[in-house]
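Colleague: I have a model open and I'd like to learn how to read it, feature by feature. Could you walk me through it?

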Amino acid sequence: MNINNLETPALVLDAKTFSENIGAMKEILAGSTLKLRPHYKSHKCSLLAHLQIKDGAKGMTCAKLSEAIDLADSGIEDILIANQITDDKKIRRLADLAGDCHLTVCVDNIINVEKLAEAARNAGNIIYCYIEFEIGMERCGVKTKEEALFLAKAISEKTHLRYAGIQAYAGHISHEVSEEERKRLTLENAAKIKELVSFLKENGIDTENISGGSTGTAMIKAKDSLYTELQAGSYLFMDATYKDLNLPFKNSLFVLTTVVSKNDDLTVIDAGVKTCGVDQGMPEIVGNKAEKIVASEEHFQLHGLKEKVAIGDKLLLIPGHCCSTVNLHDKIYIMADGKIVDRIIITGKGIGR
Ligand SMILES: Cc1ncc(COP(=O)(O)O)c(C=O)c1O
């Protein structure tokens, strides 16, 4: 089917660019001790997770227990939940899930460690723990090496928990436009983590894994061998936010949309915030440019389009943020040479618990 026959709005993936992005990541990691543990949040498709594993990824990263369940249910064997699970009911489900796969979860609090230990013991399963270390993002994580040591020792004393490493994710650096500044901040953080790992070692705790990193810092991380796992997700698709960072990845994911109304300088299309994530910014239009874009639920209002369009014309949008866009769709249509050649079901659509 010709792409223009698709009902819109529809999420489409350019097969060639997608494959090139996979190849570019392989090239970055070739010869490095850093292993890919890609983030499922970007595609939320069990099928693509299996493709990444077959292609050499050591396991998957996800954000939510429900996402880990989707991955485990599809047969993925090594899963990291890069977050804290603190709700009692979820902790019990997590402990059960640890019987189905090698399951790692982040911790930054002793009460949470105690609860995980009890649930894992009751379930008769082992839960692996990464201590999350806060390195400037101001999200989760312990702030001092002493707190990390305290948690590592507590974990080591539990029969059904294993201290498996550190998560240090610096998401605030990923989109830093200046390559030099991105590198400086990443290396500054690497020094902090090195100090932490040495401190833990001096106190009898060996750290096997250091996990983190993103599409924006992959190249820097692959050169400094401190991290062992790279959690990049967006590299497969890219988006308008990552587009101009001079990374070796290209935009492969688009929202196909139709012009539904025109009025003087204003063009209205049938995609809005319910089909194209704007949490990191407005979409860009392939081969065109708007002076201003206003978003509503089912429409984008494009003011002052550079190239003329007519009602019924199809436009391709580069989403502002690929991950939040994928979460809004049921399927990704695969496009090759302007034709739809397949589609993938987004098994994790909208699951956020
Ligand atoms: C914990 C964690 N790891 C990795 C990533 C991957 O980042 P990216 O999609 O920018 O590669 C994210 C993104 O939000 C994240 O929250």
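Modeller: Sure, and let's start with a helix. In α7, the residues R182, T186, N189, A190, I193, L196, V197 and L200 are buried. Keep in mind that this is a predicted model.

Colleague: What do those buried residues of α7 pack against?

Modeller: They pack against α6, β7, β8 (209-212) and α8.

Colleague: How far apart are the end C-alpha atoms of α7, and what should its residues span?

Modeller: The general idea is a rise of 1.5 Å a residue, so the 24 residues of α7 should span 34 Å; the end C-alpha atoms are 35 Å apart, which agrees. After α7 comes G204, with a positive phi near 85°.

Colleague: Now α6. How do I read the burial pattern of a helix?

Modeller: Here's the general idea: an α-helix has 3.6 residues a turn, so residues three or four places apart point the same way. Now the case here: the buried residues of α6 are A148, L151, A152 and I155. Looking down the axis of α6, you find these buried residues within an arc of 100°, so they line one face of the helix.

Colleague: And what covers the buried residues of α6?

Modeller: The cover includes strands β5 (102-107), β6 (127-132) and β7 (161-167), along with helices α5 (110-123) and α7 (179-202). As for its length, α6 (residues 145-156) has 12 residues and reaches 16 Å from its first C-alpha to its last, close to the 16 Å expected.

Colleague: Let me try α1. Which of its residues are buried?

Modeller: F18, N21, M25, I28 and L29 are buried in α1. Seen down the axis of α1, they fall within an arc of 95°, so they line one face of the helix. The face turned away from that buried side carries the exposed residues K16, S19, G23, K26 and E27.

Colleague: What sits against the buried side of α1?

Modeller: The buried residues of α1 pack against β1 (10-14), β2 (35-36) and α8 (218-223). The helix itself, residues 15-29, reaches 22 Å between its first and last C-alpha, close to the 21 Å expected for 15 residues. Just after α1, G31 takes a positive phi of about 80°.

Colleague: You keep pointing out positive phi values. What's the general idea there?

Modeller: Most residues other than glycine have a negative phi, and most peptide bonds are trans. So the places to check are the exceptions.

Colleague: Which residue other than glycine has a positive phi, and where is it?

Modeller: One is K44, with phi near 55°. K44 is placed in the loop between β2 and α2 (46-54). Is that lysine buried or exposed, you may ask? K44 is buried, with 26 other C-beta atoms within 10 Å. Then there's M238, which has a positive phi of about 60° although it is not a glycine. M238 lies in the loop between β9 (229-230) and β10 (253-263), and M238 is buried too, with 24 other C-beta atoms within 10 Å.

Colleague: And where is a peptide bond cis?

Modeller: Look at the bond from T8 to P9, which is cis, with omega near 0°. P9 sits in the segment before β1.

Colleague: How about a single strand residue, say L317? Which strand holds it?

Modeller: L317 lies in β15 (residues 314-318). L317 is buried, with 25 other C-beta atoms within 10 Å. Not counting residues up to four places away in sequence, L317 touches F254, V255, T257, A271, C276, P283 and I285.

Colleague: What about the ligand? How many residues surround it, and which are closest?

Modeller: 15 residues surround the ligand, and the closest are S214, T215, Q231, G233 and S234. The shell divides into 4 nonpolar, 11 polar and no charged residues.

Colleague: Last one: how do I read the whole chain?

Modeller: Begin with the elements: the protein chain has 9 helices and 17 strands. Its radius of gyration is 22 Å, close to the 20 Å that the globule rule gives for 353 residues, so the chain is as compact as a globular protein of that length. Along the principal axes, its C-alpha atoms fill a box of roughly 70 × 45 × 35 Å. Of the 353 residues, 46% count as buried. Finally, look at contacts between residues at least 6 apart in sequence: 69% of them join residues at least 24 apart.

Note on methods. Residues numbered from 1 in each chain as written. Predicted model: local features only at pLDDT ≥ 70, side-chain atom pairs only at ≥ 80, totals over all residues. Helix = DSSP H or I, 4+ residues; strand = E, 2+ residues; numbered from the N terminus. Expected span 1.5 Å × (residues − 1). Buried ≥ 20, exposed ≤ 12 C-beta atoms within 10 Å, placed from the backbone. Arc of directions from axis to C-beta. Contact = placed C-beta atoms within 7 Å. Rg over C-alpha atoms; globule rule 2.2 N^0.38 Å. Near = placed C-beta within 6 Å. Nonpolar A, V, L, I, M, F, W, Y, C, P; charged D, E, K, R; others polar.
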